[in-house]
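Subject: Structure handover

Hello,

Here is the structure I promised to pass on. Please open it alongside this note.

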Amino acid sequence: IIWDEMAEKGTYPPQGPQPGYTGYNPSGYQPGYAPAHPGYAPAQPGYNQPPPSYYPQANSQQASNTVVVVQSQPKVTTAVFTPVGDYYYTISVVLTFLCFFCGSWWSLCCTIPAIFVASAARNAAARGDLDGARRSGQMALGLNIAAVVFYFVVLVAIIGTSVALQSASATSSGSYNYYG
């Protein structure tokens with residue numbers, strides 16, 4: 001309650017050293033206290049000594065304040081990132097499935113080799129042979145384009161042949177039907 005009243009009034013006890021405080025004692029013991037706890041053995045000789053110096057001193061009575069700092073330089077690592085592209089592998093697989101399921105099996109002679117060539121291009125890029133990967137990727141693209149062109153050429157040929165046969169059968173069937 002006293003602290004609350006002092007806080008309301010804005011007055012606090014004077015700050016500074018407290019009566020009976022003598023300051024820091026480097027021995028670690030406060031005056032009037034025993035240096036060791038009862039029940040514990042006294043400190044054994046040799047345990048409270050400073051650690052030995054790591055560097056030999058020429059004169060044991062002369063202390064050295066020399067500090068040796070050893071820093072190793074950071075190692076610089078250079079990472080070379082080589083992008084591994086698709087190299088037309090996905091389009092080769094998609095065209096193969098389309099040609100297989102849409103019934104244009106004649107185009108498979110171009111799309112299946114395109115899968116193997118595109119896979120070889122990806123492996124070459126992973127090895128770091130970017131020039132070989134570029135050449136194989138262009139070959140896979142050429143095979144895919146040839147498959148699409150071959151598909152449309154054969155499709156036009158089939159449609160053209162079908163139309164020609166239908167028109168030939170229509171004209172021939174009309175010319176022989178006199179009994180109608």
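Below is what was found, starting with a helix pair and ending with the salt bridges. Keep in mind that this is a predicted model.

**The H2/H3 pair**

Start with helix H2, residues 89-101, and helix H3, residues 108-127. They pack at an angle of about 160°. Their axes lie 8 Å apart. Angles over 145 degrees count as roughly antiparallel, so H2 is roughly antiparallel to H3. The crossing of the two helices is left-handed.

Which residues of H2 and H3 make the contact? From H2 come Tyr-89, Ser-92, Val-93, Leu-95, Thr-96, Cys-99 and Phe-100. H3 supplies Leu-108, Thr-111, Ile-112, Ala-114, Ile-115, Ala-118, Ser-119 and Arg-122. By class, the contact of H2 with H3 has ten nonpolar residues, four polar and one charged.

**Thr-111**

One residue of that contact deserves its own look. Thr-111 sits in helix H3. Is Thr-111 buried or exposed? Its relative accessible area is 0%. Buried means under 20%, so Thr-111 is buried. Leaving aside residues up to four places away in sequence, Thr-111 touches Ser-92, Leu-95, Thr-96 and Cys-99. Asn-144 and Ala-147 are also touched by Thr-111. Ser-92, Leu-95, Thr-96 and Cys-99 belong to the H2 side of the contact with H3. Asn-144 and Ala-147 fall within the range of helix H4, residues 130-175.

**Salt bridges**

Now to the charged side chains. How many salt bridges does a search of the whole structure find? Two.

- Arg-134 with Asp-131: the side chains meet at 2.8 Å, N to O. Both residues lie in helix H4, three residues apart, or about one turn of the helix.
- Asp-131 with Arg-135: the side chains meet at 3.6 Å, N to O. This pair is four residues apart in helix H4, so about one helical turn separates Asp-131 from Arg-135.

Asp-131 takes part in the bridge with Arg-134 and in the bridge with Arg-135. Asp-131, Arg-134 and Arg-135 are thus linked in a network of salt bridges.

How accessible are these residues? Partly exposed means between 20% and 50% relative accessible area. Asp-131 has 39%, so it counts as partly exposed. Arg-134, at 41%, is partly exposed. Arg-135, at 48%, is also partly exposed.

That is the full handover.

Best wishes

Terms used: Residues are numbered from 1 along each chain as its sequence is written. This is a predicted model: local features need pLDDT of at least 70, side-chain atom pairs count only at pLDDT 80 or more; totals for chains, interfaces and linings use all residues. Side-chain values use heavy atoms; hydrogens and water are left out. Axes are lines fitted to C-alpha atoms, for helices over the stretch in contact, and angles run from 0 to 180 degrees between N-to-C directions. Angles under 35 degrees count as roughly parallel, over 145 as roughly antiparallel, 65 to 115 as roughly perpendicular and the rest as oblique. A crossing is left-handed if the near helix is turned anticlockwise from the far one by less than a right angle, and right-handed if clockwise. Contact means heavy atoms within 4.5 Å. Ala, Val, Leu, Ile, Met, Phe, Trp, Tyr, Cys and Pro count as nonpolar, Asp, Glu, Lys and Arg as charged, and the others, Gly among them, as polar. Buried means under 20% relative accessible area, exposed over 50%, partly exposed in between (1.4 Å probe, protein chains only). A salt bridge is a side-chain nitrogen of Lys or Arg within 4 Å of a carboxyl oxygen of Asp or Glu.
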